[in-house]
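Let's take a walk through this protein together, from the overall fold down to single side chains. Please have the sequence and the 3D view open as you read.

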Amino acid sequence: MLDSSAMSTFVLVHGAWQSSGTWDLLSPLLKEHGHRVITPILRGLGKDQSHLTSDVTLLQHVEDVSTELASVGDKAVLVGHSYAGMVISGAVESHPTKIQRLIFLDAFIPEDGQCVMDLLPPQICALFRKVAREHGDGWRLPGGEDQLDLWGLKSGETRDFVRERLCDFSLRCFEEPLPLRENRRASIPATFVSCVAEEYPARPFFEPFAKKARAYGWQVNEVHTGHDCHAERPGEIANILLSAAAGS
């Protein structure tokens with residue numbers, strides 16, 4: 001175990017349609033090195049999915065993570081996967097002094113006033129609205145095999161692992177703009193992990209954010225996985241997170 005001076009606190013924030021259980025393969029690898037791991041429960045998702053309603057918002061998810069950050073004694077490495085790029089960007093605005101480093105795992109990087117639907121191709125936005133209209137009372141987006149396909153998960157243990165942790169999501173969270181007026185994210189060291197497997201359907205949606213990260217001068221790591229890199233290759237992602245936390 002590392003001495004306490006070398007220990008970090010990792011706050012791991014999951015993406016849409018997923019739960020805090022999505023980190024079950026990665027968390028133990030960080031803890032083995034003596035680090036603390038916090039996996040916030042986002043309102044209406046995962047263990048709280050019985051409370052998912054059309055009133056659940058992106059800003060509530062930002063609040064859920066901000067509450068965890070406020071309880072951290074020192075600074076934390078804040079990690080966001082996919083949709084959680086929005087969440088951690090929002091959390092930085094309220095608690096910039098609590099964050100040691102930001103890590104975006106194949107995640108959205110929004111600007112002030114943008115919502116997820118501003119960051120996705122129009123045809124995907126239209127599809128999500130159609131699914132919500134036809135299967136979710138205009139707002140609910142059911143989790144299922146379509147998401148697993150989109151994320152590039154092949155049949156096998158990893159796809160089964162992610163499937164077991166799926167939950168429904170709300171279109172409202174994708175439609176809500178995120179205020180980032182102070183742009184406090186710009187003052188925090190950041191890393192972007194880009195998932196670049198060849199047969200990964202959602203890859204074109206997230207490639208622009210890898211490009212944006214490079215333009216910002218962030219560290220960018222490429223991994224040859226689909227979207228759920230932390231489930232496909234937890235060891236590789238753990239090493240990236242550990243190196244980022246060490247500042248290397």
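What follows starts with the whole chain, then turns to the spaces inside it, the aromatic rings and a few single residues.

Please keep in mind that this is a predicted model. The protein has 11 helices and eight strands. Its radius of gyration is 17 Å, close to the 18 Å that the globule rule gives for 248 residues, so the protein is as compact as a globular protein of that length. If you turn the C-alpha trace along its principal axes, it spans about 55 × 40 × 35 Å. Of the 248 residues, 55% are buried.

Now let's look for empty space. The largest pocket holds about 230 Å³. It is lined by 13 residues, and those closest to the pocket centre are Leu127, Phe128, Val131, Asp146 and Gln147. To find the pocket on screen, look for α5 (122-135) and α6 (145-150), each of which supplies at least two residues of the lining. Sorted by class, that lining has eight nonpolar, three polar and two charged residues.

There is also an enclosed space to visit. Searching the whole structure turns up one cavity of 30 Å³ or more. The largest cavity has a volume of about 140 Å³, and of its 17 lining residues the closest to the centre are Trp17, Ser82, Trp151, Phe206 and His227. What classes of residue make up the lining of this cavity? There are 12 nonpolar and five polar residues, and no charged ones.

Two of those cavity residues lead us on to the aromatic rings. Trp17 and Trp151 belong to a cluster linked by ring pairs, together with Tyr83, Phe128, Phe169 and Phe174. Phe128 you have already met, as one of the residues closest to the centre of the largest pocket. A pair of aromatic rings is described by the distance of the centres and the angle of the planes. In this protein the count comes to 13 aromatic pairs. Take Phe169 and Phe174: their ring centres are 4.9 Å apart and their planes meet at 45°, so this pair is tilted. Both Phe169 and Phe174 are buried. Another ring has a charged partner: Arg165 lies over the face of Phe161, at 3.7 Å from the ring centre.

Trp17 deserves a second look for its backbone. Most residues other than glycine have a negative phi. Trp17, however, has a positive phi, near 70°. Trp17 sits in the loop between β1 (9-13) and α1 (27-31). Is this loop residue buried or exposed? With a relative accessible area of 6%, below the 20% cut-off, Trp17 counts as buried. Asp106 is another non-glycine residue with a positive phi, of about 40°. Asp106 lies in the loop between β4 (99-105) and α4 (116-119), and it is buried, with a relative accessible area of 1%.

Two further loop residues round off the tour. Lys47, in the loop between β2 (36-38) and α2 (58-71), is exposed, with a relative accessible area of 72%. Lys47 and Ser20 are 27 residues apart in sequence, while their C-alpha atoms are 8.0 Å apart in space. Arg184 is in the loop between α8 (171-175) and β7 (190-195) and is partly exposed, at 34% relative accessible area. Arg184 and Pro142 are 42 residues apart in sequence, and 34 Å separates their C-alpha atoms.

How values were computed
Residues are numbered from 1 along each chain as its sequence is written. This is a predicted model: local features need pLDDT of at least 70, side-chain atom pairs count only at pLDDT 80 or more; totals for chains, interfaces and linings use all residues. Side-chain values use heavy atoms; hydrogens and water are left out. On a 1 Å grid over the protein atoms alone, a cavity is a set of points where a 1.4 Å probe fits but cannot get out, and a pocket is an open set with protein on both sides within 12 Å along at least five of seven lines; lining residues have an atom within 4 Å of a point. Grid points are joined across faces, edges and corners, and a volume is the space filled by probe spheres set on the points. Helices (H or I, at least four residues) and strands (E, at least two) are DSSP runs, numbered from the N terminus. Ala, Val, Leu, Ile, Met, Phe, Trp, Tyr, Cys and Pro count as nonpolar, Asp, Glu, Lys and Arg as charged, and the others, Gly among them, as polar. Rings of Phe, Tyr and Trp (its six-membered ring) pair if their centres lie within 6.5 Å; planes under 30 degrees apart count as stacked, over 60 as edge-to-face and the rest as tilted. Buried means under 20% relative accessible area, exposed over 50%, partly exposed in between (1.4 Å probe, protein chains only). A charge sits over a ring if NZ of Lys or CZ of Arg is within 6 Å of the ring centre and within 35 degrees of the ring normal. The radius of gyration is taken over C-alpha atoms; the globule rule is 2.2 Å times the number of residues to the power 0.38.
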